[in-house]
Each structure stands twice: as structure tokens, then as C-alpha cells.
Amino acid sequence: SYQEECRNFLRLVKEDERPVINVVDGGWLLSLLDIAGIDPYMPLPDRYTREDLLLNCGVSDRCLYLYRQDLAVGVGCRKGTPIDEIFPFLKDVLKNKGLAMARIGSVSSIDVKKDEAGILGLCGVLKVPYHTYTAGELKAVKGNFSPSQFVEEQVGVDNVCERAAALTAGITGEKIVGKMKTARVTISIYRRGSI
């Protein structure tokens with residue numbers, strides 16, 4: 001079988017080869033990426049490039065760094081807003097708040113935006129799932145949100161980005177970035193709870 005074939009390649013790891021595993025928080029992650037010469041406010045490069053960069057910067061190749069993709073990003077936008085408007089704004093928000101893009105675990109919005117090319121493109125670049133919710137589901141979310149009468153008239157709920165991020169983050173989630181907006185885009189970021 002395939003498993004038996006794989007066993008032929010296994011060997012005992014010598015003591016000095018044992019990997020060290022470090023679970024790092026957001027601040028450490030920013031520092032590590034900086035040491036490695038990786039822009040923390042951009043998506044991570046592919047695995048091999050990332051390893052090469054870490055080795056070139058003298059970060060131990062025997063150390064495995066783990067971090068949580070604990071950020072839920074809520075996005076609202078005008079119909080037809082391209083990724084070229086959404087992505088740079090998200091990058092600015094992250095930079096302003098000192099949050100690494102690698103921590104983003106999901107993007108969410110209202111269901112009428114389920115086919116919105118700009119948001120779908122953002123999810124593709126970030127390689128994260130896209131969650132959408134009905135106006136009713138968003139309205140039912142408890143919390144303190146920045147209301148917009150215009151948004152309520154358009155989609156039936158007074159706030160999309162904060163409510164969507166809060167719903168994705170869960171009941172133990174925490175608001176990290178309240179509603180930030182440009183002329184055509186709104187973004188909010190919640191940290192997922194530990195449960």
C-alpha cells in the first residue's frame with residue numbers, strides 16, 4: 001500500500017535534528033516576516049519561497065512557526081467595485097492597525113454580494129473562504145455597529161461589514177477594527193474567539 005511505501009523512507013530523527021515548534025502571536029509574526037524580508041501586509045509567498053527567505057535571513061530551518069488565521073474580515077462595497085479598490089484599502093487598514101495579512105482566515109459580506117467579482121478576487125488572492133449572510137441573519141447579530149441609512153435602504157440591514165465580520169468571528173469574537181470606509185468600500189475586522 002501507499003503507507004507501506006512511505007515507511008521505506010522513514011528514519012529516526014537524531015536529537016540535533018528535532019524541530020522546534022513555536023506558536024507565535026500577531027506581534028511575533030510581524031517581526032518574523034520583517035526579518036525574512038516579507039511584506040507582512042501582503043499575502044504570503046508560496047511555501048518554498050517563504051522557506052528560502054527564512055533561511056536566507058538566518059532564521060532556523062529547524063524551527064516551525066505556527067500562527068492562527070484568527071481574523072475575520074467583513075467587506076461591503078458598491079456594485080462593481082474592482083479588487084484594485086478593495087485590496088489596497090484592506091492593505092492600508094492592516095498596516096494602520098499593525099495586523100499581518102497572513103492572519104486573515106475569512107472574508108464575509110451580505111448574500112447579495114455573493115457573486116461580486118471584486119470580493120471574490122480578494123478571497124482568491126488571500127486564499128480564504130468567502131461567507132455570505134442574508135440581511136435577516138446580519139440584523140440578528142448582537143453588538144455595537146456603525147449604522148448607515150443608505151445601506152439599510154439598499155440591502156435591508158444598516159451595516160454589512162461589521163455585522164458580517166462579527167457573525168463569522170462567533171459569539172466570543174472581538175472587534176479589532178470598526179467600520180472603515182472609502183467612497184465605495186467598507187471594511188471591518190474581528191478576531192475569532194478561542195472557542
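**Exercise 1. State which backbone feature follows helix H2, and establish how the helix begins and which way it faces.**

Solution. Just after H2, Gly37 adopts a positive phi of about 75°. Helices here are DSSP runs of H or I with at least four residues, strands are runs of E with at least two, and both are numbered from the N terminus. The model is predicted: local features need pLDDT of at least 70, side-chain atom pairs count only at pLDDT 80 or more, and totals for chains, interfaces and linings use all residues. Residues are numbered from 1 along each chain as its sequence is written, and side-chain values use heavy atoms, with hydrogens and water left out.

Step 1: the start. Asp25 lies in the loop between strand S1 (20-23) and H2. Asp25 caps the N-terminal end of H2, with a side-chain oxygen 3.1 Å from the backbone nitrogen of Gly27.

Step 2: the buried side. In H2 (residues 26-35), Gly26, Leu29, Leu30, Leu32 and Leu33 are buried (under 20% relative accessible area; exposed is over 50%, partly exposed in between; 1.4 Å probe, protein chains only). Seen down the axis of H2, these buried residues fall within an arc of 165°, so they line one face of the helix. The arc is taken over the directions from the helix axis to the C-beta atoms.

Step 3: the opposite side. Trp28 and Asp34 are exposed on the face turned away from the buried side of H2.

**Exercise 2. Classify Asp25 by accessibility and identify a residue distant in sequence but 6.4 Å away in space.**

Solution. Step 1: at 48% relative accessibility, Asp25 counts as partly exposed. Step 2: Tyr67 is 42 residues from Asp25 in sequence, and their C-alpha atoms are 6.4 Å apart.

**Exercise 3. Check the length of helix H4 and describe its surroundings.**

Solution. Step 1: the length. The expected span is 1.5 Å times one less than the number of residues. For the 15 residues of H4 (residues 83-97) this gives 21 Å, which agrees with the 21 Å between the end C-alpha atoms.

Step 2: the buried side. Ile86, Phe87, Phe89, Leu90, Val93 and Leu94 are buried in H4. Down the axis of H4, its buried residues fall within an arc of 165°, so they line one face. An α-helix has 3.6 residues a turn, so residues three or four places apart point the same way.

Step 3: the cover. Elements covering the buried residues of H4 include strands S3 (71-77), S4 (104-110), S6 (174-181) and S7 (185-191), and helix H5 (117-126).

Step 4: the other side and the end. Asp84 and Asn96 are exposed on the other side of H4. Just after H4, Gly98 has a positive phi of about 65°.

Notes. A polar contact is a pair of N or O atoms within 3.5 Å; within protein, one must be able to donate a hydrogen and the other to accept it, and residues adjacent in sequence count only if both atoms are side-chain atoms. Contact means heavy atoms within 4.5 Å.
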